[in-house]
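User: I'm new to this one and would like a close look at the backbone of a single chain, starting with its loops and strands. Could you walk me through that part, and then show me what surrounds it in the rest of the model?

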Amino acid sequence: MATDLEHATSTIYSPLPDSDNGYHPPSSERRRPIALLSGIFLSMLLFSSLIALILNQHNQHDIDHVKSPLVKPVSRGVSHGVSEKSNSQLLSSDVEVYPWTNAMLSWQRTGFHFQPPKNWMNDPNGPLYHMGWYHLFYQYNRDAAVWGNITWGHAISTDLINWYHLPFAMVPDQWYDINGVWTGSATILPDGRIVMLYTGDTNEEVQVQNLAYPANLSDPLLLDWIKYSNNPVMVPPPGIGTKDFRDPTTAWLGPNGKWRVAIGSKVNKTGITLVYETTDFTSYALLDEVMHAVPGTGMWECVDFYPVSTTESNGLDTSVNGPSVKHVLKSSLDDDKNDYYALGTYDSISNKWTPDDPNLDVGIGLRVDYGKYYASKTFYDQNKQRRLLWGWIGETDSEAADILKGWASVQSIPREVVFDRKTGTNILQWPIKEVEKLRSKSWVYQKVLLEPGCLVSLDVGLATQLDIIATFDIETQTIEEADAGYNCTTSGGSFSRGAFGPFGLVVLADETRTEQTPVYFYITKGSDGVARTHFCADQTKSSTASDVTKLVYGSNVHVLEGETLSMRLLVDHSIVESFAQGGRTVITSRVYPTKAIYTSAKVFLFNNATGVSVTANVNVWNMDSARIDHFPLGQH
Amino acid sequence: MKFSFPLTILLLLLLLQQTLLSAMADIQLIKNTCKGTPSSSLCLKILLADPKSQNADLTGLALIGVDAVNNKGLEILEQIVALKKSRQELRPALDHCAEVYHAVVDADVPSSRDALRTGVAKFAEQGMADSAVEAQVCEGSFGEHGRTSPMTGSNNAMDDVANVVRAIIRKLL
């Protein structure tokens, strides 16, 4: 057809030479079939185009005909109706905003968790230890209590508890990070140099990786940072979306002496970990094969990759590998806003990480924390030879309240991470020992017998900043089968009574328990007679305000033969961090009571089980506030 | 072969059909986007009012929505200024309304725009959800001061627009 057309145009001006000597049918006869076909085709085209036009016009008419938007009833701000959360848990679109008072809002600020004086914070970045100071950088918006204009905030501490705020480490001032100086990690080289890799969002909204380093390595405060003159050092490779390439990890040494860095991404719905190799941190080569991939998990943000010892209780430098070492691969899943991890082995020759249990692979198995917790990142603390974990704890109240109170988000108390040698299948997270220096007055309650339906008030003085350790003894042999299908998140919380649960602590409760936050164990028994223990944090009645999240968080927790049930709670105003069995299952909750605040907050022990009595031993400490202040730079 | 007149017409009509089809496809994206929003008619009105919607992808449509929230917010802020002069007795509630609508225009809108452009739609959703909340807060503040609101229409309009845009953004999640 094409060649005919070409010939057609070339013969427009030059009539065909009458050179055919062969048979010529009458010209009208010859053209008739072609003409007929073209005619039919043409009219079909015309017809279908006409139909298309008409349909289009008809649609336009539809649009014009519809009148004004739906009439809505006027809402009253004070009455409490069905609520909607402007955080990720949605209900209806009718909003009842609680009339938060200044007293209620200012109570929400924590006493000993890291948070900047005001505005929005998210991911922890580049944690490291250098010349006597622990450094924390973090995603920060200097203009508002909502996400945006992201810069790197900076704070230092000698003990990870008391902090000094420093000036911003990096601001979005280059074309390659003008739309955001996003998350990154630090690598400390053997010669002591510090290398920071971070994601920049460019002027064209492409995610790239950039290199930065301290202006003066002998400055213990690491005040000033220099961005490498030839940034970016990594750009999205072919096949990877320009908005699917972020959060570089701490580097580790490969077998050939080259450094390796991991970056999370996705291909369609498969979450992947890309790995780059470098010798100088300025030029990188993408390894052909990904380190690992898990279908259906979506985009992997904030990938973390680190070794844990299976025999010792100390942490390991990120480059360590060997026979008594397992590697944790962790990812923050963009699709469900939770942090997941899995234990496995890393073959550094092939750069492949293999999960110990493919059924509990990254993103489909264990979560780092079963509550409000995201973008977590570990670092190796060479000062005390520990692997430490930071996690971003966002708000679960409404953004309107955040804007009112002028701030949003805190960081978790740093947790020490070790391999759980007793179970072999998970890590343990435990608040760093340094937090115990805030303990002041101690209240001990021993052998408190809690019969079914029992509630015991514990006098602990001011109950808004507490460290609580509680153990529970319970006899489970007597009953055959109970609540086999129990699940914290679908249960009715502490009001759903079963034979062996719930029982535990109630914190941030007012005297009449109109508001309360129970954290409890719930034991179930399957038809096989095997007991399972669930650990839950119940926010369903945590506040009379309706514009806050009120879910029950939690999961099951391994309890080994002969182990006592134990839980530890760090209560700090609007955050409760709950640890079961030494940190085998962890739940972080944000709570926003309106009544159970200041001196009205109380602590109770409870047993809502119907079939067993529980004996509790509790030690409660009041916690002093941390000193979190601006560094007196004038004297530096 | 002689110059084929029918063939040229064929070509031209093919071109015409392609253009029509592609224009229909863009309308189709807009219609599909508006399906499942709390008010598809309002959604269509917002998107079609902006000529950029003809060539926009879903993110572009969401950005047009955020612009609509911004424009509504600015319009309401002007309305509040005028009301403060004509209805002095409503001053406390109007002051509160000005505060919350500034939150919409100065915090929620820029945050949502940034988030959409940089591909982190989850933060954009929060900004639009909050804009709807702020509208409710303004409306409620009249009742709190024992007054009837003169801004019910505007607050309802902001609530509606913000909820529609939020629904558009959720399609990006």
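Analyst: Start at L160(A), which sits in the loop between β3 (150–157) and β4 (163–170) of chain A. Its phi is near 65°, so to speak on the positive side, and L160(A) is a residue other than glycine. Keep in mind as we go that this is a predicted model.

Now move along chain A to a sheet. Four strands make up an open sheet here, in the order β5-β6-β7-β8, and the pairing is antiparallel. At its edges you'll find β5 (181–188) and β8 (225–227) of chain A, each pairing on one side only. From one strand to the next, the twist averages 30°. Zoom in on the β5(A) end: six bridges tie β5(A) to β6 (residues 194–201) of chain A, in the antiparallel sense. If you want a spot to click on, try T187(A), which has V195(A) of β6(A) standing opposite.

Follow the chain out of β8 and you come to P232(A), placed in the loop between β8 and β9 (252–253) of chain A. What kind of peptide bond joins N231(A) and P232(A)? That bond is cis, with omega about 0°.

Further on, chain A has an open sheet of four strands in the order β14-β15-β16-β17, again with antiparallel pairing. Its edge strands are β14 (300–309) and β17 (352–355) of chain A, and each of these pairs on one side only. The twist here averages 40° from one strand to the next. β14(A) runs antiparallel to β15 (residues 325–333) of chain A, and eight bridges join them. Look for S309(A) with V325(A) of β15(A) opposite.

Later in chain A there's a cis peptide bond from G501(A) to P502(A), with omega near 0°. This time the proline is in a strand: P502(A) lies in β27 (residues 500–509) of chain A.

Next, the side chains. Over all chains, the structure holds 32 aromatic pairs. One aromatic cluster is formed by F114(A), Y138(A), Y140(A), W163(A), F168(A) and W390(A). Some rings have a charged side chain over them, too. K405(A) lies over the face of W407(A), 4.5 Å from the ring centre. R513(A) lies over the face of F604(A), at 5.6 Å from the ring centre.

To finish, hop over to chain B for some helices. Helix α3 (residues 58–86) of chain B packs with helix α4 (residues 91–117) of chain B at an angle of about 160°, and their axes are 9 Å apart. An angle over 145 degrees counts as roughly antiparallel, so that is how α3(B) and α4(B) run relative to each other. Their crossing is left-handed. By class, the contact of α3(B) with α4(B) has 17 nonpolar, five polar and six charged residues.

α3(B) also packs with helix α6 (residues 152–170) of chain B, at an angle of about 165° and with the axes 9 Å apart. α3(B) and α6(B) are therefore roughly antiparallel to each other as well. Here, too, the crossing is left-handed, as α3(B) passes α6(B).

Conventions:
Residues are numbered from 1 along each chain as its sequence is written. Chains are lettered from A and ligands numbered from 1 in the order in which they are written. This is a predicted model: local features need pLDDT of at least 70, side-chain atom pairs count only at pLDDT 80 or more; totals for chains, interfaces and linings use all residues. Side-chain values use heavy atoms; hydrogens and water are left out. Rings of Phe, Tyr and Trp (its six-membered ring) pair if their centres lie within 6.5 Å; planes under 30 degrees apart count as stacked, over 60 as edge-to-face and the rest as tilted. A charge sits over a ring if NZ of Lys or CZ of Arg is within 6 Å of the ring centre and within 35 degrees of the ring normal. Axes are lines fitted to C-alpha atoms, for helices over the stretch in contact, and angles run from 0 to 180 degrees between N-to-C directions. Helices (H or I, at least four residues) and strands (E, at least two) are DSSP runs, numbered from the N terminus. Angles under 35 degrees count as roughly parallel, over 145 as roughly antiparallel, 65 to 115 as roughly perpendicular and the rest as oblique. A crossing is left-handed if the near helix is turned anticlockwise from the far one by less than a right angle, and right-handed if clockwise. Ala, Val, Leu, Ile, Met, Phe, Trp, Tyr, Cys and Pro count as nonpolar, Asp, Glu, Lys and Arg as charged, and the others, Gly among them, as polar. Two strands pair if DSSP finds at least two bridges between them.
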